[in-house]
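Subject: Structure handover

Hello,

Here is the structure I said I would pass on. My notes on it follow below the entry.

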Amino acid sequence: MTLVLRLVFSVLILCSATTSFAEPVRIQLWHQMIYSHRQVLSEALRQFEKENPDIVIRETYRETEELRSSYQAAAMGNSGPELVFGPSDQIGPFATMGIIQPLDGLLSPEELAQYDPLALPAYEGRHYMLGGTVGNHLMLLYNKKLLPTPPQTTDELIHLGQKLTADLDGDGKIDRYGLVFNYTEPFFFAPFIPAFGEPFMTADFAPRLAQPGLSKTFQFILDLRDKYKIIPKECDYETANALFKQNKAAMLINGDWSWGDYRDAGVDFGIARIPMVSSTGKWPSPLVGTVGYSLNAHFQSPAHKEAALKVLRYLTSASVQKLFTQKVGVMPSLLSLRADAVVKQNPLLQASSSIMAVGLPMPVVPEVRGVWDSLRIQYQKVLAGTLNAEQGAQSAQAMAEAQIQNMNQVIPPDAGALVVKGLVGLLILVLLYLSRNSVVLFFRGFRGPQKFVYFMMLPAFIGIFAVIIYPFFYNIAISFSNFSLRTFQDWSIVGFHNYWEAISDPKFYSLLLKTVVWTVVNVAFHVTLGVFLAVIINQLMPAKAFWRTLLIIPWAVPQYITALTWRGMFNQEYGPINQFLQKFLHLSPVQWLSQPFTAFVACIVTNVWLGFPFMMIVALGGLQAIPQSLYEAAYLDKANAWQRFRHITLPLLAPVMIPAALLGSIWTFNNLNVVWLVSNAGEPGDQTHILVSYVYKAAFNLYRYGYAAAVSVLIFLMLVIWSLSSLRSQYKKETQA
Amino acid sequence: MIKRIFAWLSLCIFAVFSLYPMLYVLSVSLRGDNAFQTQSLEIFSSQSTLKNFVVLFTETDFLLWMRNSLFISAVTTLLGVALASTSAYALSRHRFRGRNLMLFSLLASQMFPATMLILPFYIILAKMHLIDNFWGLFLIYSSTALPFCIWQMKAYYDTIPKELEEAAVLDGCSRWMTFYKIILPVSSPALVITALFSFMTSWSEYVIAAVVLQDPELYTLPLGLRSFQASLATQWGLYAAGALIVSVPVLILFISISRYLVSGLTMGSVKG
């Protein structure tokens, strides 16, 4: 045994040694640049490596949300990339957690003065990010073929929109829309809020959502959809994008990052300010910010720090900014470049800076996350018709305040902390005392006659325990702690607060109910479909192997592919499901993903698709074990097909199906992938969550790790109780039989 | 007769149900310039092109990802089969202290929401210097696939009559030899399933790979595929082409072993 261990360790050490042998300094850069920008970045970095042979840069692409959560995880382990690139609103949380460092001491004030202040967002008086570009703001893009000049006011917008929204081929379906945009995302309608009323955050970053400005904005968009009918019933980013590219939308609200895409697609477009709100005479204010680089708070060595700074300076230098401006047409952040030909001769950039003039700086405080989240949730409820505009604004305010309070809360340890610590200590002592004989016997077993058994068992269980045990206890520990945004680096055990909060929240019970419904419906479909198909294949069909193979396909496809595919299929405008409903059944299209009930149905359909083949295979195996003679006997007794199924197949299949269904129910209960990906993180309005997706959101989107861990422990306990009781009743039945 | 028609009809409906999403992916992958959205139900059209596939193989690191994924999956499968077959045998044939507890803890390990394990996984791996290292993935993948594999291997061993081993022992075989020479060969259907499960876990896993692997040189297929998906600009054509190619090896695997699937996947009764 020791030999094996030693071998394993030497291999491990060898592996880690080889990675640290590299002579040049390795700098990691994590970014979330879109495809075309990535290629420019890589070109610039290769150039840098050529000039600086002592530095190697590895750039890693991560999707924005994922970049954030994996950077947090990495920083927890005191590692992670030296440089992280992302939108300016990530610096609030990162700086609060203490995982990025201020640039003020590292770059001189003269250096910083060269940049547009928008590229240097300040958080609590210090600068944590330096952007190579400014902008990232929304504007109106219009198709010059369809309208030569953009509307100046919202009245004009509605008028033009109604003229341009048309059913061109006369099939009763609209083929061209006046306006499209990703209107379910708060970021895309936020510019209207100050134009109808006041900015949505106060000067000291408190939410200001219960204002007429917000309810008027809600109403405005509802009117665009229902009264004037110039925007599609359901429109996400992809749909808006595709419609505009195919000349099926005259106007689009989108950001400066999208220009390259439309240019490549050959759309002849112009840009303009989002039209002035006619009733107030104010221009909508897009949020203007930057996407930029931040430095990790921990460096492996001074050499890394120096190299990272060098890379940072290079990436924000005039030459690289110019390269980006030339290739992808973004506004450089260096003031000196603004007079350069690349900017001056780019009409889009010129128009863009006039749009920026009415913009507002993007807020970077962590609280803004709570504002976005509650805006999104309440707004989607308004769109789905469960709230009116006025109620939506009121509840958005209430929810934002609650979320911000939760996020910023630092729970002090109370008496519960002592109780928890005491209980854990006591538990360990009791376990040690109770198991003292077993442990001795266990180790004695290595010498005794059972030696063989132990050596067969051990490798697998060491693996499982190594991987599962530590994370498991870690979670139990943080479930009693105040681990959250403000205590990211120094959390402590505080007692039962998280559990108390979880079980006293009515939302927990409604989610639990929904999860149970989700599990029962799914497993019921899986098992009945599986048994049904297995019986048909087994008894009636020729070419069993062919059918079996065909029906197994859903199992073979990786889950994340399935989930995204079904999401595409449920698309209101383009999804084949609605196409089918319209063309063959002559039904009106269903807005699958924007109504809570249908969105949940969509998740269930997807998961049923995923899960029935497994049950079918299990059932086929079970059916083959049933002796044919039983059926022949039943036939002689003149039992009909249903009686044969009821009295032979079902009872003999049950012992095989029940363990499979038990396992299936555990998997389904904890299936995050499908719900998260199909409903796009709980849309609409956070109403498609099941418990696990709620846990995921609490931990990774709202930074409430302690709370999320407590809910996870509750999930675990419920599943343990459920499976123990069902195993026991099954065991009883079998021993009686 | 009515029964036959009903059987054919329902089977055909389900065949379409299970096949269509993949055909949809195929049709997206065959559309030219990133046209995820069209309003036609046709799978092939006059504009169908293989451009996405060509770009996938020539302009992206797809082959590199494929190689990494194959390597990781192969090692995980080997480890998984070796560990599951031995420990399941011990659990099936021997009564010893803590056996029931071990069996239940295998099941229980599936009950904790896996997402919350990511953060501590990262901390352990960082401490063991296994970030950006395939060993970290081997460790996690083979262990996460193990509980199910052991559970179902044990159920299969339970169906093998004990007389088989008793005869071997009478002939003078050691316990290891009995296991290796007698039991393993007759368990091939269950071994195949264990292999399949281990393979699938590592082949399509995304979340943990995203945490462990940061160097693009080490990317696996799911990680690579996700990089076509930016927040606001997804390369749908490339993504669909890639998704199709990722699914193909698993499909072939399933088809080639589907006869084992039925005989090997004995979930067994709880009585054990």
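Read from the N terminus, the elements of chain B run α-α-α-α-α-α-α-α-α-α-α-α. That is twelve helices and zero strands. Please keep in mind that this is a predicted model.

Two further values describe the fold of chain B. Of its 272 residues, 61% count as buried. Among the contacts in chain B with a separation of 6 or more, 75% are between residues 24 or more positions apart.

Next, the interface between the two chains. Chain A puts 129 residues into the contact, and chain B puts in 113 residues. Together the two chains bury about 11400 Å², and carbon and sulfur atoms carry 73% of that area.

How many salt bridges are there between chain A and chain B? The count is one. In this salt bridge the side chain of R58(A) meets that of D132(B), with an N to O distance of 3.1 Å. By class, the chain A side of the interface has 89 nonpolar, 25 polar and 15 charged residues. As for polar contacts, twelve residue pairs across the interface satisfy the rule, with both residues at pLDDT 80 or more.

In chain A I looked at one strand in some detail, β14, which spans residues 291-296. Is β14(A) mostly covered or mostly open, and how many of its residues are buried? Mostly covered: six of its six residues are buried.

The pairings of β14(A) that I noted are these:

- Strand β3 of chain A (residues 83-87) pairs with β14(A) in the antiparallel sense, over five bridges. Here V84(A) has S294(A) as its bridge partner.
- Strand β4 of chain A (residues 100-101) is also antiparallel to β14(A), with two bridges. Within this pairing, L295(A) is the residue opposite Q101(A).
- Strand β7 of chain A (residues 130-131) pairs with β14(A) over two bridges, again in the antiparallel sense. G131(A) and G292(A) stand opposite each other there.

If you want places to start in the viewer, I suggest two. One is β14(A), whose six residues are buried and which has β3(A) as a partner over five bridges. The other is the salt bridge of D132(B) and R58(A), set in an interface where 73% of the buried area is on carbon and sulfur atoms.

Regards

Terms used
Residues numbered from 1 in each chain as written. Chains lettered and ligands numbered in written order. Predicted model: local features only at pLDDT ≥ 70, side-chain atom pairs only at ≥ 80, totals over all residues. Heavy atoms only, no water. Buried < 20%, exposed > 50% of the residue type's maximum accessible area, 1.4 Å probe, protein only. Helix = DSSP H or I, 4+ residues; strand = E, 2+ residues; numbered from the N terminus. Pairing = 2+ DSSP bridges. Contact = heavy atoms within 4.5 Å. Buried area = accessible area lost by both parts, 1.4 Å probe. Salt bridge = Lys/Arg side-chain N within 4 Å of Asp/Glu carboxyl O. Polar contact = N/O pair within 3.5 Å; in protein donor to acceptor, adjacent residues only side chain to side chain. Nonpolar A, V, L, I, M, F, W, Y, C, P; charged D, E, K, R; others polar.
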